[in-house]
Amino acid sequence: MAKTRSNVALAVRPAARRAAGPETVRVDCANDRDVNPKIARFLAEKQPETPCLVVDLEAVAQSYAMLREHLPLARIFYAVKANPAPEIVAMLCGLGSNFDVASRGEIELCLGEGATPDRLSFGNTIKKERDIAFAYEKGIRLFAFDSAAELDKLSRAAPGARVFCRILVDCDGAEWPLSRKFGCSPEMAVDLLRQARSFGLDPYGVSFHVGSQQTDLDQWDNAIGRAARMFSLLAEADIALRMVNIGGGFPARYRSAVPGIARYAAAVTNAMTKHFGNYLPEIIIEPGRSLVGDAGIIQSEVVLIAKKGYDEEKRWVYLDIGKFHGLAETMDESIKYRITAPGSAGPLGPTVLAGPTCDSADILYEKTEYHLPLDLKVGDKVEILATGAYTSSYSSVGFNGFAPLKTYCI
Ligand SMILES: *Cc1c(COP(=O)(O)O)cnc(C)c1O
């Protein structure tokens, strides 16, 4: 929806005022002090061609350590799709992480970087039977499913394996919801897990995903409650489930403030204790975004700045990266990255942000108000913060002749 001129003017003035105070937080254009100093040094020294993603491996290691500290009972399975850079997989492997993989390619990646097959979970509920057979042949014995047809495939291609059933949960409160594509109703899941045993598989547990970048801490209580009811129902059929896989959903820090990891961990721990009492099952967590998101920065270059008419206040700033080269999560303006223009400190003005390709879908933010420095020029660098997750892995191989997003792990 187009803003009236007076609204735009109102939006500009407070932003410009905020920029002047030392202790103020600029909502739209992140403070330079938010920029990871190690990455800033790398960018200044190496001057890499843009666009590029720079990931600080120490920051990933720190997030991993924090998660272990706050959820000591959970086994961590890194969701590889968030960022499959081999350096990240290798480092997490060294730290003792397990891996949630979704495809033959991700299996080969993790095994190639040193993970043993007992540390891999084939967590995609939509698999080709020959890929299940491939995983089984490699030694993987832990598989997800959420339908009768997938269970059939597992019974044939992964005899005797441990299987867990993914249940539907509503993803309210998630900035990147995963909808009804995955999971089945708890009633169906109970039947399927019984069937799993009759097929000679090992009915191991229940999984869910409350939606990525979940901001409502109560969602884990609902979902874990559902999982606990399934444990009770199956116990009546003499099946003792042993594992709850609480999926992902922990956040990275985008424009809106999010609770700290400690509060997420407390929400999970409290819900587990509330619903399972003293009989805690094994807990698996599959973090993607929260492990790598904050550890990465994309540097991009301004290609063009233009206005659409003489009386329009909003500038269009076209970057050398867009929806097709790493910023796919700006779809429907869902994920709102913090953006900073290093070197420009002047007053800010309202900005539409778009990518460089000849596709009209390649607009990053038009409805969401973004403010960038008014003295921004063509050729200036722009940094997009907390872009370590779901960026490089979403980059097309070369749509419109633009190269895939290059990643530097430092
Ligand atoms: C993508 C995915 C995750 C990771 O979710 P985040 O919200 O990024 O932590 C975890 N589990 C499964 C099954 C997934 O598909």
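A residue counts as near the ligand if one of its heavy atoms lies within 4 Å of it. Keep that cut-off in mind as you click through this predicted model.

**Stop 1: the ligand and its shell**

Start by selecting the ligand and the residues around it. You should find 13 residues in this shell, with Lys81, His209, Ser212, Glu286 and Tyr390 the closest. Colour them by class and you get three nonpolar, five polar and five charged residues.

**Stop 2: polar contacts of the ligand**

Next, show Glu286 and zoom in on its side chain. An N or O atom there lies 2.6 Å from a nitrogen atom of the ligand. Now move to Tyr390, where a polar side-chain atom is 2.6 Å from an oxygen atom of the ligand. For Arg289, turn on the backbone: one of its polar backbone atoms is 2.9 Å from a ligand oxygen atom. How much of the ligand does the protein bury? Taken alone, the ligand exposes 390 Å², and the protein buries 91% of that area.

**Stop 3: the largest pocket**

Where does the ligand sit? Switch on a surface and look: the ligand is in the largest pocket. This pocket holds about 590 Å³ of space. Its lining is made of 33 residues, and those nearest its centre are Lys81, Asp100, Arg166, Leu178 and Phe182. Lys81 is therefore worth keeping selected, since it is also among the closest residues to the ligand under the 4 Å cut-off.

To see which elements build the wall, select strand S3 (98–101), strand S6 (162–166) and helix H11 (289–292); each supplies at least two residues of the lining. By class, the lining of the largest pocket divides into 15 nonpolar, 11 polar and seven charged residues.

**Stop 4: the second largest pocket**

Keep helix H11 on screen and add helix H3 (57–70) and helix H10 (261–276). Each of these three helices supplies at least two residues to the lining of the second largest pocket. Which helix gives the most? H3 does, with six residues.

The second largest pocket has a volume of about 420 Å³. It is lined by 19 residues, and Ser63, Met66, Ile261, Ser290 and Asp294 are the closest to its centre. Sorted by class, the lining has 10 nonpolar, five polar and four charged residues.

**Stop 5: a cavity**

Now for an enclosed space. The structure holds one cavity of 30 Å³ or more, and the largest cavity has a volume of about 50 Å³. To find it, select Arg166, Ile167, Leu168, Val169, Cys171, Leu178, Ser179, Phe182 and His209, which line it. Six of the lining residues are nonpolar, two are polar and one is charged. You have met some of these names before: Arg166, Leu178 and Phe182 also lie nearest the centre of the largest pocket, and His209 is one of the closest residues to the ligand.

**Stop 6: two backbone details**

Finish with the backbone. Most residues other than glycine have a negative phi, and most peptide bonds are trans. With that in mind, select Thr50 and Pro51: the peptide bond between them is cis, with omega near -5°. Pro51 belongs to the loop between helix H2 (37–46) and strand S1 (52–55).

Then go to Asp238, in the loop that joins helix H9 (219–236) and strand S10 (243–245). Is its phi positive or negative? Asp238 has a positive phi of about 65°, although it is not a glycine.

Key: Residues numbered from 1 in each chain as written. Predicted model: local features only at pLDDT ≥ 70, side-chain atom pairs only at ≥ 80, totals over all residues. Heavy atoms only, no water. Polar contact = N/O pair within 3.5 Å; in protein donor to acceptor, adjacent residues only side chain to side chain. Areas by Shrake-Rupley, 256 points an atom, 1.4 Å probe, with all protein chains shown as cover. 1 Å grid on protein atoms, 1.4 Å probe; cavity = no way out; pocket = protein on both sides within 12 Å on 5 of 7 lines; lining within 4 Å. Sits in = over half its atoms within 2 Å of the grid points. Nonpolar A, V, L, I, M, F, W, Y, C, P; charged D, E, K, R; others polar. Points joined across faces, edges and corners; volume = space filled by probe spheres on them. Helix = DSSP H or I, 4+ residues; strand = E, 2+ residues; numbered from the N terminus.
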